[in-house]
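Let's walk through this structure together, beginning with the ligand and then visiting a handful of residues along the chain. Keep the sequence and the 3D view side by side as you read.

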Amino acid sequence: MEKTEKIWLDGELVPWDEANVHVLTHTLHYGLGVFEGIRCYKAKNNKPAVFRLNEHVDRLFQSAVVLGIDIPFSKKEIFSAILLVIKKNRLKECYIRPIVFLGHNQMGLNPSGVDVRVAIAAWPWGTYLGDEGINSGIRVRISSFTRHHVNITMTRAKACGHYVNSILAKTEAIRDGYDEAILLDQQGYVSEGSGENIFLFSKNRLRTPALSCSNLEGITRDSVFDIAKHLKIEIEEGHITRDELYIADEVFLTGTAAEITPVREIDNRAIGNGKKGKTTARIQKVFFEIVRGNHTKFNRWLSKV
Ligand code: PMP
């Protein structure tokens, strides 16, 4: 991981190596915290621009509402702090990680009275599932782990503790020689990847699991809806079964880290011709044009640093 100079912590910029917390930090013990993953791209004239920053800040605050955490800063303050971190670290392209966590002034499960703290770090981060993955597709397995139930941890929040489930699925997949895991929901329908939403293309229609399938409401997922509309590709949400993925013409994953990553194989079955599909390629192309500021229709999604 490439260190940068400064991290924003509770309203101040501090040196990277000094952005530390106490071992009795509440979130470290119980997992109650929320975070975001955001990307900034080198856009027009090599100037950095953050992709869908408003939506990420909104989701951070919504996650906090779901978990009953009061963020001690306004949306406007967090928005500006994110831009400040990029600017102060002189970053052109980076991944940004805001996290809201509970401090160490009190132990025990009851979080009332525990300090709410906020950190924002940013660092250069290349493709999450590899350049080869973006170009030629990845191999995934259906996880033996089930995605969270909507009434166990509530899946609208991007919560720290949720990622224990994602890590179990991800490590199982990697250990078995795959690149990523796809988790099913409690009814057995397709939910999402360990850190990505999923789409299939079949019979000239793009389909993705409905938001009732225990998946996170991804901002890249939402962007794909608008890109599909722009490309006049029919798109629908619903319930998808594991075997529908196996026989789909194309499958791809979406996420801030994963961007648009084609899936070429699931459980040792080739998807389509086992390469990046044509529709996936069209959507991916428009996505990268947008984030690099080369698509005027979608410039509203970019925030200049
Ligand atoms: N699902 C999960 C579990 C995730 O962690 C992510 C990444 N934030 C996504 C989906 C994709 O969301 P987004 O497109 O907003 O990054």
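Start at the ligand, bearing in mind that this is a predicted model. There are 16 residues around the ligand, and the ones that come nearest are Tyr163, Glu192, Ile219, Thr220 and Thr256. By character, the residues of this shell divide into three nonpolar, eight polar and five charged.

Now zoom in on the polar contacts. In Glu192, a polar side-chain atom lies 2.6 Å from a nitrogen atom of the ligand. Arg59 also takes part: an N or O atom in its side chain is 2.8 Å from an oxygen atom of the ligand. Thr220 brings a polar side-chain atom to 2.6 Å from an oxygen atom of the ligand. How much of the ligand's accessible area does the protein cover? On its own the ligand has 380 Å² of accessible area, and the protein covers 96% of that.

Step back a little to see the surroundings. The space that the ligand takes is the largest pocket. Two elements give two or more residues to the shell around the ligand: helix H6, which spans 219-230, and strand S14, which spans 250-255.

Let's leave the ligand and turn to the loop between strand S2 (12-15) and helix H1 (26-30), where you will find Thr25. Asn20 has its place in the loop between S2 and H1 too. Is Thr25 buried or exposed? Thr25 has a relative accessible area of 3%, so it is buried; the cut-off for buried is under 20%. Asn20, in turn, is exposed because its relative accessible area is 52%, and exposed means over 50%. Each of these side chains reaches a backbone oxygen. For Thr25 the partner is the backbone oxygen of His22, at 2.5 Å, and for Asn20 it is that of Asp17, at 3.0 Å. Asn20 can also be placed relative to Leu102: the two are 82 residues apart in sequence, with 13 Å between their C-alpha atoms.

Next, look at two residues with intermediate accessibility. Lys44 is in the loop between strand S4 (38-42) and strand S5 (48-51). Its relative accessibility is 46%, so Lys44 counts as partly exposed. From Lys44 to Val85 there are 41 residues in sequence and 20 Å in space, C-alpha to C-alpha. Ile99 belongs to strand S6, residues 94-102. With 25% relative accessibility, Ile99 counts as partly exposed. Ile99 and Asp58 are 41 residues apart along the chain, and their C-alpha atoms are separated by 13 Å.

To finish, check the backbone of two residues that are not glycine. What is phi near in Lys232? It is near 60 degrees, a positive value in a residue other than glycine. Lys232 is located in the loop between H6 and strand S13 (234-238), and because its relative accessibility is 75%, Lys232 counts as exposed. Asn268 is not a glycine either, yet it has a positive phi of about 65 degrees. You will find Asn268 in the loop between strand S15 (259-266) and strand S16 (269-270). At 53% relative accessibility, Asn268 counts as exposed.

How values were computed: Residues numbered from 1 in each chain as written. Predicted model: local features only at pLDDT ≥ 70, side-chain atom pairs only at ≥ 80, totals over all residues. Heavy atoms only, no water. Near = heavy atom within 4 Å. Polar contact = N/O pair within 3.5 Å; in protein donor to acceptor, adjacent residues only side chain to side chain. Areas by Shrake-Rupley, 256 points an atom, 1.4 Å probe, with all protein chains shown as cover. 1 Å grid on protein atoms, 1.4 Å probe; cavity = no way out; pocket = protein on both sides within 12 Å on 5 of 7 lines; lining within 4 Å. Sits in = over half its atoms within 2 Å of the grid points. Helix = DSSP H or I, 4+ residues; strand = E, 2+ residues; numbered from the N terminus. Nonpolar A, V, L, I, M, F, W, Y, C, P; charged D, E, K, R; others polar. Buried < 20%, exposed > 50% of the residue type's maximum accessible area, 1.4 Å probe, protein only.
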